[in-house]
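Q: Take me in for a close look at one spot in this structure, then follow the thread outward from there. Keep it relaxed, but give me the cut-offs behind the terms you use.

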Protein chains: 2
Amino acid sequence: MTSDIARLVEVDRERSLLAHIGAVLGWDQETYMPPAAIEERAEQLALLEGLAHERATAPEIGEILARLGSTTENPMGRSDLEPTERAYLRVMRREYDRETKLPADLVTEMARAVSRSQAAWAEARERNDFASFAPHLDRMVELNRRMAACLEPAKKPYDVLLDLFEPGSDEASIAAVFSSLRADLVKLLDRIRGCPQVDDAALHRKCPAERQAEISSWLMDILAFDRSRGRLDIAAHPFTESLGRADVRITTRYLEDFLPSSIFSTIHETGHALYEMGIDPDPAFASTRLAEASSMAIHESQSRMWENLVGRSIGFWKGKYGRLTELSGGSLDGLGLEDFHRAINRVEPSFIRTEADEVTYGLHVILRFELEAELISGRLAVKDLPAAWNAKMRELLGIVPPTDRQGCLQDIHWSMGSFGYFPSYSLGNLYASQLWASMSSQIGDLPGHIEAGNHGVVLNWLRSNVHASGAVYLPGELIKRATGEALESRHFVAYLKRKYAEIYRF
Amino acid sequence: MTSDIARLVEVDRERSLLAHIGAVLGWDQETYMPPAAIEERAEQLALLEGLAHERATAPEIGEILARLGSTTENPMGRSDLEPTERAYLRVMRREYDRETKLPADLVTEMARAVSRSQAAWAEARERNDFASFAPHLDRMVELNRRMAACLEPAKKPYDVLLDLFEPGSDEASIAAVFSSLRADLVKLLDRIRGCPQVDDAALHRKCPAERQAEISSWLMDILAFDRSRGRLDIAAHPFTESLGRADVRITTRYLEDFLPSSIFSTIHETGHALYEMGIDPDPAFASTRLAEASSMAIHESQSRMWENLVGRSIGFWKGKYGRLTELSGGSLDGLGLEDFHRAINRVEPSFIRTEADEVTYGLHVILRFELEAELISGRLAVKDLPAAWNAKMRELLGIVPPTDRQGCLQDIHWSMGSFGYFPSYSLGNLYASQLWASMSSQIGDLPGHIEAGNHGVVLNWLRSNVHASGAVYLPGELIKRATGEALESRHFVAYLKRKYAEIYRF
């Protein structure tokens, strides 16, 4: 390692330490912090953000990157460097550009506007009053356009925003994948709607929080969550957070009248945690930006693979259902394994994305992708959003939300100024199925392994093919290396068809 | 407020934010952090410490202090300033001097030596091998002497160290108070030893952790712990920590075979927390060094007052003992209120300070005070410490520890380089009794109020006379303002005599 790269690593590690310190504060805020502490906590986080920004934009970084030949056009730098070093330069160049290209006053303006917008959104949602939120959303759209113009003036603004979350992607490439996905999902949903509905009443029987906590803990052990490097806590909205390079924490929530909520939240977050815990591109780059995830969508592929492809399969429960019914303390009594499996996979068009099943979920995301692309491009005016939302809901899911609260006001993302994030959720599902297909053809009989409790074969494959490399590969490269092809929706659609033909018996 | 003071407050607040961020990390380390995270956590804390040190030693602070007339000789600054402003200058001058007078290489050397010394101490204690720890203790003594010489070369080193924990105190003033205390405690202990021993076997019956947790929670509510600004968690060694100006957390531990441990830890830490939550010298100085405790000993007076003067009084339990026996789920069955009261006040010379009763506790502290004064002055060589310790134990408590592990290796303080801290524990007891006597003469019939559950009269008096002023007054001034006299041991001794005459029926 050259002394220049060593110095880059040093500065970057201090930024990473500050980011992890911020993560401790953020985690605490969502789990244990007493309510009155919120005001100072915001000041603490703002101070840390400022310090991390200072480190991320140190002119020294720009000088080193330039010396090593890394430019915006050639982010990988000089060809005489090691591949890992070149990947590191690419990641550092990207972050340095992003952090330095945004003028400080725009960042401050954004932060202030976001805090007002989030408050307005929360109130508007509460009172089902889109009009009061509309000016804030307008501002978010405008500020995002300005941000995109600062980052890459030559590109379409929405492309710039998408690339922030899924490096290397753009609207056209995502639209291409989503358009065939959309057609397939609508067809499959139609087919399912023609079948007798699955009964999931038993899943709504009361199961006390303490029993659900035991079940969550049992599932984490089964999936080899390393408790010496992480833990489980309770939060209103489940999440995973890295508080250190050996400190990955997940959260779940216990709805006493719906046991599957905690079961699948816990498995989902464990999937995220297994990814974080498995990142190890090169010890020399520990605690740097290279030791981070490849993208949001790749992250989501890991959580969804464990949640859906593993956790919602009948094989996973075959050897475990007896223990689950025991641990649930009677709430599943009389519900057989097969009926349990059908119930946890019930499909039904509904208004709320976060409660959607595997089939309709993608349609919720496509709706948001299409609408946010139109908002950012200016083809759709904010005032027309509710009507556009409802029309698309009817078109894609055949239902229309009775209120904006159950419609365009449901998600927090746009109010926070996050445009371009939603596609990650669906891309994650597609990545998961494609990786699964590849793993399957290499290992053979995955369902058999899962049924036998050999979840380790899945984890090991993921470690080698997805986790370990961290941010060395862009998501597009990663999926090609792991599966031999670019991202496609057909693996996901084939998986859904196979699965739901069995569940709905068609 | 002048713009100079406003600027001082601004810099100081950033330091306070960093200190609170460190407190979040420290709290997490002792409560929830997974074990493997310790290595990076140390790096995170070191980074924060460095950043806080930068702010505390900013040359700008020295310039402002000089402009405002604050010097080491005249820390209060110009007489044309408001009293609160002058007090603030005194506190800032003190901290600025301390932080700038220690050369960076001594600080680093100390930090490194402490980390080695603590590890050596833990192992030496484990293996009961004082000799292996002796060189480290030697080093701690030497580094403390050097530190004292840097801070105030003209003063006796131990005086400088004492002043770090109890501003305004010195060896002579503490020795004067302790010498009469010592005589009185030894006499009282003799008297008690001549009486039939109290039976506390019932307190050792099993009481499950969940029930103890309910009891702790109940006690916190009784004592008006504000849960919107704090919380209770579990830790191996109970402590109180401020994580923000509206975020004070306490911890306790549940020994299933000794219920009083959690009861009195929780009350003790609640006492610390009530102090922290009540500090409010002036809104203009919120989140500055003026909004901190007056001293360690004043802090300890608050925890011990609630733990001992309130919590171990029979009046406190009169209206509550029924509920306590219910909550304890049978573990106190058959033990009457009076016998419970006697049992929780059992006196018995023992080896371990932290397990000592109210009478012998002071003797444990006096022993340490005398020995550390001799170590720092050089009158006692480290190699002779075990013999000196055992001789003093025999002299003061009439017992000799069979091993150094139960003797001079029991406490962590010296291994961390903390000399001058121990007296705070006993001074806290003395302050508590003196404040109590004053409160009593002003309010009248405190036991009656306590028995009636009007703990608020105590809290309100403490808020006005101790808590609110924060660090505006040095502890010596604070006690004079609150009680009309300087610190004396007679109130404490009178309290003990009255109480134990009743417990031991002499």
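A: Arg505(A) is exposed, with a relative accessible area of 55%. For that scale, buried means under 20% relative accessible area, exposed means over 50%, and partly exposed is whatever falls in between (1.4 Å probe, protein chains only). Keep in mind that this is a predicted model, where local features need pLDDT of at least 70 and side-chain atom pairs count only at pLDDT 80 or more, while totals for chains, interfaces and linings use all residues. As for bookkeeping, residues are numbered from 1 along each chain as its sequence is written, chains are lettered from A and ligands numbered from 1 in the order in which they are written, and side-chain values use heavy atoms, with hydrogens and water left out.

What makes Arg505(A) worth a stop is its backbone: phi is positive, about 55°, although the residue is not a glycine. Most residues other than glycine have a negative phi. Arg505(A) sits in the segment after helix H21 (490-503) of chain A. Helices here are DSSP runs (H or I) of at least four residues and strands (E) are runs of at least two, both numbered from the N terminus.

Now look across to chain B. Arg505(B) has a positive phi near 55° and is likewise a residue other than glycine. Arg505(B) lies in the segment after helix H21 (490-503) of chain B, and at a relative accessible area of 56% it counts as exposed.

While you're in chain B, another positive phi turns up just after helix H17 (423-443): there Gly444(B) has a value near 80°. H17(B) itself runs for 21 residues and covers 30 Å from first C-alpha to last, close to the expected 30 Å at 1.5 Å a residue; that expectation is 1.5 Å times one less than the number of residues. H17(B) is mostly covered, with 16 of its 21 residues buried.

For a single residue that is well covered, try Tyr88(B), in helix H4 (83-101) of chain B. Tyr88(B) counts as buried because its relative accessibility is 0%. Leaving out residues up to four places away in sequence, it touches (heavy atoms within 4.5 Å) Ile5(B), Leu8(B), Val9(B), Asp12(B), Phe285(B), Thr288(B), Arg289(B) and Leu290(B).

So much for single residues; on to how the chains meet. The contact takes 36 residues from chain A and 37 residues from chain B. The buried area is about 2,900 Å², with carbon and sulfur atoms giving 62%; buried area is the accessible area (1.4 Å probe) that two parts lose on being put together, summed over both. On the chain A side, Tyr32(A), Glu40(A) and Leu47(A) supply 20% of what chain A buries against chain B, more than any other three residues.

Charge shows up here as well, with 10 salt bridges between chain A and chain B. A salt bridge is a side-chain nitrogen of Lys or Arg within 4 Å of a carboxyl oxygen of Asp or Glu. One of these pairs is Arg245(A) with Glu40(B), whose closest N and O atoms are 3.5 Å apart. The elements that give two or more residues to the chain A side are helices H1 (3-31) and H2 (38-56) and strands E1 (230-234), E2 (240-244) and E3 (247-252) of chain A. A network of salt bridges also links Asp28(A), Arg41(A), Asp247(B) and Arg249(B).

Over all chains the structure holds 96 salt bridges, and some of them sit inside one helix. In chain A, Asp12(A) pairs with Arg15(A) at 2.9 Å between the closest N and O atoms. Both are in helix H1 of chain A, 3 residues apart, about one turn. An α-helix has 3.6 residues a turn, so residues three or four places apart point the same way. This is a covered pair: Asp12(A) is buried at 2% relative accessibility, and Arg15(A) is buried at 6%.

Compare Glu326(B) and Arg323(B), which meet in a salt bridge of 2.7 Å, N to O. They are 3 residues apart in helix H13 (321-327) of chain B, about one helical turn. Glu326(B) counts as exposed at 53%, and Arg323(B) as partly exposed at 39%.
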